[in-house]
Amino acid sequence: MKKIRAGLIGATGMVGQNYLRLLKEHPWFQVTYVAASPRSAGKKYSEAVAGRWIMDEEIPEEVADLIVGDANDVEEAKAKCDFVFSAVEMEKQAVRELEEKYAANDIPVVSNNSAHRHTEDVPMLIPEINAHHTDIIPYQQKNRGWNKGFIVVKPNCSLQSYLTPVYALIKAGYPVESLVITTLQAVSGAGYPGPASINMIDNIIPFIPGEEGKTEREPLKILGSIKNGKFVYYDALRISAHCNRVPIIDGHTACVSLKFRSAPPSLDEIIAIWNEFRAEPQELNLPSAPQPPIVYRDEEDRPQPRKDRNVGKGMAVTVGRLRECPVMDIRFVALSHNTIRGAAGGAILSAELLKAKGYLAR
Ligand code: NAP
């Protein structure tokens with residue numbers, strides 16, 4: 001099979017670097033185009049990231065000599081790739097317009113940016129939960145007069161630790177009424193170089209701008225349905241979030257208290273539901289799909305970021321400390337790798353799903 005040519009806009013940033021690391025030797029996609037701001041454009045990739053390549057591995061050989069394009073120049077991308085991953089950091093309206101420009105020029109966009117997360121015909125994918133939301137793509141193309149191009153986005157990294165375990169319970173027939181969530185989020189979630197070390201060492205910052213709103217609102221779209229070519233948000237779940245920045249490099253943890261709408265399942269049944277949970281990415285055997293997607297740890301002191309963030313190559317969710325709650329019904333702790341599952345890896349899984357469903361082709 002000839003690989004599908006992937007472009008990466010925002011290739012020099014932290015999420016962009018993670019993409020390049022994860023796409024190295026990908027069985028379906030080959031990075032043929034990298035782009036960033038006009039500051040980096042025209043340089044060799046290795047020169048553009050000199051002094052700011054922060055991955056543990058070296059720059060992939062096949063990318064080091066690529067000349068960085070200007071992400072704003074869609075014509076260049078059109079000649080060099082079949083679709084793009086978008087990891088640019090710009091003002092929201094500028095990102096919205098840029099991603100639409102790519103889609104209008106027949107280049108599908110798989111985005112990490114939040115600009116289109118609540119656009120009414122753009123799917124926000126966690127492939128284990130809402131793979132069927134890709135069904136809106138033909139409506140999106142029709143609404144906008146686009147031919148081959150479209151936009152899909154991935155959600156914020158803060159909710160990916162707990163939403164799949166919660167969804168597994170809903171899918172098993174136990175609707176959830178409310179969630180109270182306290183997140184402990186790694187510094188890498190703030191991009192490079194992130195918060196100053198003098199603010200983070202020996203400290204916790206109980207505020208991440210915009211994060212609590214995202215944690216409370218994005219799940220309602222992800223759990224929602226499509227009606228007349230638009231998303232209808234799931235309105236049967238209330239979420240209260242406290243989001244904290246903690247001195248961890250990678251791995252977002254969430255402490256969750258959960259109330260069911262009716263009689264709760266037993267703790268043993270919940271663990272069985274999580275252990276047995278499989279979804280479309282696993283059934284389709286997508287290259288980045290974690291097998292299994294949810295890992296339950298029995299030890300009383302797990303999950304922990306250092307020990308559990310790389311489970312399933314950073315794509316699985318690790319859950320532990322399931323116990324009854326005297327205020328709600330149950331409580332547990334969940335963890336996922338924020339720059340893999342929560343950023344580049346999650347978007348690569350979405351692109352694999354799109355390829356498997358026939359939306360991406362060479
Ligand atoms: P970053 O390290 O600041 O990188 C930003 C990228 O955008 C760089 O490639 C930069 O190019 C490019 N860029 C900046 N201004 C531009 C312009 N005017 N035109 C074109 N390109 C421009 O940011 P990041 O942490 O990788 O985050 C990238 C995106 O992913 C953001 O939208 C962020 O919210 C989202 N995200 C991040 C995480 C995370 O864990 N960090 C998780 C989920 C989602 P130059 O190098 O040339 O300046």
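These legends walk through several close-up views of a predicted model.

**Figure 1. The whole protein is built from 14 helices and 14 strands.** Its radius of gyration is 20 Å, close to the 21 Å that the globule rule gives for 362 residues, so the protein is as compact as a globular protein of that length. Along the principal axes, the C-alpha trace spans about 60 × 50 × 35 Å. Of the 362 residues, 55% count as buried. Now think about which residues meet: among contacts with a separation of 6 or more, 78% are between residues 24 or more positions apart. On the outside, the accessible surface comes to about 15400 Å², and carbon and sulfur atoms make up 48% of it. The protein has 43 positive and 44 negative charges, and the mean positions of these two sets are 2 Å apart.

**Figure 2. Six strands line up in an open, parallel sheet.** If you step across the sheet, you meet the strands in the order S3-S2-S1-S4-S5-S6. Which strands stand at the edges? They are S3 (69–70) and S6 (151–153); each has a single partner strand, so one side of each is left without a neighbour in the sheet. Elsewhere in the sheet, S4 (residues 83–86) and S5 (residues 109–111) run parallel and are joined by three bridges. Look for Phe-85, which stands opposite Val-110 in S5.

**Figure 3. Strand S12 has side chains pointing to two faces.** In a regular strand the side chains alternate between the two faces of the sheet. Here, Ile-294 and Tyr-296 point to one face and are buried, whereas Val-295 and Arg-297 point to the other face and are not buried. S12 also has a parallel pairing with strand S13 (residues 317–324), made over four bridges. Within that pairing, Tyr-296 has Val-319 of S13 as its bridge partner.

**Figure 4. The loop between strand S12 and helix H13 holds Glu-300 and Pro-303.** Is Glu-300 buried or exposed? Its relative accessibility is 71%, so Glu-300 counts as exposed, the cut-off being over 50%. Glu-300 and Leu-322 are 22 residues apart along the chain, and their C-alpha atoms are separated by 9.1 Å. In this loop you can also find the peptide bond from Arg-302 to Pro-303, which is cis with omega near 5 degrees.

**Figure 5. A cis peptide bond joins Tyr-192 and Pro-193.** Most residues other than glycine have a negative phi, and most peptide bonds are trans. For the bond between Tyr-192 and Pro-193, omega is about 0 degrees. Pro-193 lies in the loop that links strand S7 (176–185) and helix H9 (197–200).

**Figure 6. Lys-313 and Arg-321 have a positive phi without being glycines.** Lys-313 has a phi near 55 degrees and sits in the loop between H13 and S13. With a relative accessible area of 74%, Lys-313 is exposed. Arg-321 has a phi of about 55 degrees, but its place is in strand S13. At 37% relative accessibility, Arg-321 counts as partly exposed.

**Figure 7. Ile-170 in helix H8 touches residues from further along the chain.** Helix H8 covers residues 163–171. Leaving aside neighbours within four places in sequence, which residues are in contact with Ile-170? They are Pro-175, Val-176, Leu-223 and Tyr-234. Leu-223 is 53 residues away from Ile-170 along the chain, and the C-alpha atoms of the two are separated by 9.8 Å.

Definitions and conventions:
Residues are numbered from 1 along each chain as its sequence is written. This is a predicted model: local features need pLDDT of at least 70, side-chain atom pairs count only at pLDDT 80 or more; totals for chains, interfaces and linings use all residues. Side-chain values use heavy atoms; hydrogens and water are left out. Contact means heavy atoms within 4.5 Å. Buried means under 20% relative accessible area, exposed over 50%, partly exposed in between (1.4 Å probe, protein chains only). The radius of gyration is taken over C-alpha atoms; the globule rule is 2.2 Å times the number of residues to the power 0.38. Accessible areas come from the Shrake-Rupley method with a 1.4 Å probe; for residues, only the protein chains shown count as cover. Lys and Arg count as positive and Asp and Glu as negative; His and the chain ends are not counted. The place of a charge is taken as NZ of Lys, CZ of Arg, CG of Asp or CD of Glu. Two strands pair if DSSP finds at least two bridges between them.
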